[in-house]
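Colleague: Got a minute to walk me through this one? I'd like to go through the helices and how they pack.

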Amino acid sequence: QKAAVVRRHLAGREKVSDLADELQVQPGLIYLWVRQVLEQVERTYRELGLIQRPLEMRAIFTNELVQVL
């Protein structure tokens, strides 16, 4: 369920506040899930030597991440 929520948000389809209301959780929890996913993806990209800078990383993988999740 966490992955689906993160996907819905990162795809730009839904605001965190709307998702939080739907799931009856604090918005901060959803931001935590998103941060955890982004940090893990960044670590993976760095380990594979695919990315050097965080801003570049976010621009590159956000669309890919949404497709994978």
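**Around the loop and the helices**

Modeller: Sure. Let's begin with Gln24, which sits in the loop between α2 and α3. Keep in mind that this is a predicted model.

Colleague: What is phi of Gln24?

Modeller: Phi of Gln24 is near 60°, so a positive value in a residue other than glycine. Most residues other than glycine have a negative phi.

Colleague: And is Gln24 buried or exposed?

Modeller: Exposed, with a relative accessible area of 73% for Gln24.

Colleague: OK, zooming out. How many helices and strands does the protein chain have?

Modeller: Four helices and zero strands. Along the sequence the pattern reads α-α-α-α.

Colleague: What share of the residues is buried?

Modeller: Buried residues make up 29% of the 69 in the protein chain. The accessible surface of the chain is about 4,800 Å², and 51% of that surface belongs to carbon and sulfur atoms.

Colleague: Which share of the contacts joins residues at least 24 apart?

Modeller: Taking contacts between residues at least 6 apart in sequence, 39% join residues at least 24 apart.

Colleague: Back to the loop's two flanking helices. At what angle do α2 and α3 cross?

Modeller: Helix α2 covers residues 16–23 and helix α3 covers residues 27–47; their axes cross at roughly 115° and come within 8 Å. That makes α2 roughly perpendicular to α3. The crossing of α2 and α3 is right-handed.

Colleague: Which residues meet there, between α2 and α3?

Modeller: From α2 you have Val16, Leu19, Ala20 and Leu23, and they meet Pro27, Ile30, Tyr31 and Trp33 of α3. By class, that contact of α2 with α3 has eight nonpolar residues, no polar and no charged.

Colleague: Now α1. Which residues of α1 are buried?

Modeller: In α1 the buried ones are Val5, Val6, Arg8 and Leu10.

Colleague: Hang on, an arginine in that set. Why does Arg8 count as buried?

Modeller: Because its relative accessibility is 19%, and buried means under 20%. Arg8 is in helix α1, which spans residues 2–10.

Colleague: What is Arg8 in contact with, leaving aside its neighbours within four places in sequence?

Modeller: Arg13, Glu14, Leu19 and Glu22.

Colleague: And what follows α1?

Modeller: Gly12 comes after α1, with a positive phi near 80°.

Colleague: Next, the packing of α1 on α2. What is the angle there?

Modeller: About 150°, with the axes of α1 and α2 10 Å apart. Angles over 145 degrees count as roughly antiparallel, so α1 and α2 are roughly antiparallel to each other. The crossing of α1 past α2 is right-handed.

Colleague: Which residues of α1 and α2 meet?

Modeller: Val5, Arg8 and His9 of α1 meet Val16, Leu19, Glu22 and Leu23 of α2. The contact of α1 with α2 splits into four nonpolar, one polar and two charged residues.

Colleague: That leaves α1 against α3. At what angle do the axes of α1 and α3 cross?

Modeller: Roughly 90°, and the axes of α1 and α3 come within 10 Å. That makes α1 roughly perpendicular to α3.

Colleague: Which residues of α1 meet α3?

Modeller: Lys2, Val5, Val6, His9 and Leu10 of α1, which meet Ile30, Trp33, Val34, Val37 and Leu38 in α3. This contact of α1 with α3 divides into eight nonpolar residues, one polar and one charged.

Colleague: Great. Which residues of α2 should I click on for the contact with α1?

Modeller: Val16, Leu19, Glu22 and Leu23 in α2. For the contact of α2 with α3, the α2 residues are Val16, Leu19, Ala20 and Leu23.

Technical notes. Residues numbered from 1 in each chain as written. Predicted model: local features only at pLDDT ≥ 70, side-chain atom pairs only at ≥ 80, totals over all residues. Heavy atoms only, no water. Axes fitted to C-alpha atoms, helices over the stretch in contact; angles between N-to-C directions. Parallel < 35°, antiparallel > 145°, perpendicular 65-115°, else oblique. Left-handed = near helix turned anticlockwise from the far one by under 90°. Contact = heavy atoms within 4.5 Å. Nonpolar A, V, L, I, M, F, W, Y, C, P; charged D, E, K, R; others polar. Buried < 20%, exposed > 50% of the residue type's maximum accessible area, 1.4 Å probe, protein only. Areas by Shrake-Rupley, 256 points an atom, 1.4 Å probe, with all protein chains shown as cover.
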